[in-house]
Amino acid sequence: MDELAEARTMGSIATAVLAAVALVLSAGALITSVARDSGGPATVAPAEAVAPTSVAVELSEFAIAPADITIPAGGTLEVVNVGNIPHDLAVVDEGIGTAMLNNGESESLSLAGLAPGTYTVHCTVAGHEAGGMKATLTITEGDAGTVAAAPMSDHSGHGSHGPDTDWAAYDQVMHDSIAEYPAATEGIGNQLLEPTILEDGTKRFELTAQIVEWEVEPGNFVEAWTYNGTVPGPVIRADIGDKVEVVVHNELPLGTDVHWHGVKIDNEFDGVAPLTQELIAPNESFTYRFTATESYVSMYHPHHHSQFKIPNGMWGAVLIGDVPLPEAGSVIGGRTLPDDMTISQEFPMVMNDAGTIGMSLNGKSFPATAPIVAKKGDNILMHYYNEGLQIHPMHLHGFPQLVVAKDGFPLDQPYWADTVNVAPGERYTVMFTAEEVGAWVFHCHILTHAETDDGMYGMVTAVIVEE
Ligand SMILES: [Cu+2]
């Protein structure tokens, strides 16, 4: 019991992280050396110094990229909406434009019929042009058909492919993106938050809501909205029966609150300002209190303007007690559980897909996602959290996941899955045994959340199992 409890403390996460860091070096070297020996294409032919026949255009809140689009007469715009709300792209006064595109949707917009000259393009949704969704379109003389290679589109995941596509470049970018994994970045989330123990035994935790620069992927620093400066925020861990107090300091430029999603709590601490409490004004603090009555796999995040604060990084895990596991050696769905169900590592796996953080696992985008490093036979307990705006079917290669709890509630009938679909707000707790040595990829199976025409990115990592 003590040994199990000990193994399941979040302290073991720190150990796992250290092991992962060590592995970053060896696995990185391994993957790189394999890649370098593979005799892949030597170089990608440089782009010709002429305007391409098609140009990738990204719509987001609230920008059109690039802001200056240059294309020969007869060319095509490959328009993709990488934002969170619908946008379109229209050429002002010309009656040419795309349909309204939802997040992730794309459309090829033919500019045939537009004479060489300078035009303005914009999003027609009211207020979006004023917000910044306006760009200059320059159409140059020239026969679009003479340019050799169609360009790679940017993060659309499904650019237009045709007889002029440079397929070797597609091979090369995927090769290069995977060779970078696992890449080191600054900052690591999910650190165990140490409480102060008050005289009556209450565990007091301190959270500071603050904006920091966060390295989502190598070299890409974004403005992250955080608790204590990390994405995910620190893990609040306590035992069943503990009295818990969380002091929240607000260093944001606007008011905030903290909702304890999945924690049984008095209404006055539910964190929905101004309904259940006054907004915590900038530079002010508020203390939340609850007594942990049962095991929770819960999370904390703002309720006030959660629509941008959470995508931008404000979330963290609350783990109370231990999720009960099925009995060692029992048979579930024809598969026998290990005789030793000791959990060697336990951690949250938080998914996000929007805001400044974007497609990510635990606040990082591939190749900066942390590998899960295990010894053959290890049992690993993972808590999926979806803090994003979309569903994410999380697929683990190599060995099945035993789903043991939904939103922290233990299942009477745990079940096996190789893909676990997690909707926004949901948590699933899964146990898997690292049965086979290897580098087993682990990713969201909405394919454009994992790969684009520029290679692997976003919601991908790997379970690396050693002998
Ligand atoms: Cu996904």
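**View 1. Asn 228 in its loop is partly exposed.** With 18 C-beta neighbours inside 10 Å, Asn 228 falls in the partly exposed class; a residue is called buried if 20 or more other C-beta atoms lie within 10 Å of its own, exposed if 12 or fewer, and partly exposed in between, with C-beta atoms placed from the backbone. This is a predicted model, in which local features need pLDDT of at least 70 and side-chain atom pairs count only at pLDDT 80 or more, while totals for chains, interfaces and linings use all residues. Residues are numbered from 1 along each chain as its sequence is written. You will find Asn 228 in the loop between strand 12 (220–227) and strand 13 (236–238); helices (H or I, at least four residues) and strands (E, at least two) are DSSP runs, numbered from the N terminus. Asn 228 is not a glycine, yet has a positive phi of about 60°. Most residues other than glycine have a negative phi.

**View 2. Strand 26 and strand 27 form a hairpin with Asp 407 in the turn.** Two residues lie between the strands, and Asp 407 has a positive phi of about 55° although it is not a glycine. The loop that holds Asp 407 runs between strand 26 (401–406) and strand 27 (409–417). With 14 other C-beta atoms within 10 Å, Asp 407 is partly exposed. The two strands of the hairpin pair in the antiparallel sense over five bridges, where strands pair if DSSP finds at least two bridges between them. Look for Ala 405, whose bridge partner in strand 27 is Pro 410.

**View 3. Strand 26 also pairs with strand 29.** Here strand 26 and strand 29 (residues 427–433) run antiparallel, joined by four bridges. One pair to pick out is Val 403 with its bridge partner Val 430 in strand 29.

**View 4. Four strands make an open sheet in the order 2-1-4-7.** Pairing in this sheet is mixed. At its edges are strand 2 (63–65) and strand 7 (106–110), each of which pairs on one side only. From one strand to the next, the twist averages 25°, with axes taken as lines fitted to C-alpha atoms and angles running from 0 to 180 degrees between N-to-C directions. Strand 1 (residues 54–60) pairs with strand 2 in the antiparallel sense over three bridges, and Ser 60 stands opposite Ala 63 in strand 2.

**View 5. Two cis peptide bonds precede Pro 274 and Pro 367.** From Ala 273 to Pro 274, the bond is cis with omega near 0°. Pro 274 sits in the loop between strand 15 (259–261) and strand 16 (285–291). From Phe 366 to Pro 367, the bond is also cis, with omega near 10°; Pro 367 belongs to the loop between strand 22 (358–361) and strand 23 (372–375). Most peptide bonds are trans.

**View 6. Ile 188 and Gly 363 are 8.1 Å apart in space, C-alpha to C-alpha.** In sequence, this pair is 175 residues apart. Ile 188 lies in the loop between helix 3 (167–179) and strand 10 (196–197). With 17 other C-beta atoms within 10 Å, Ile 188 is partly exposed.
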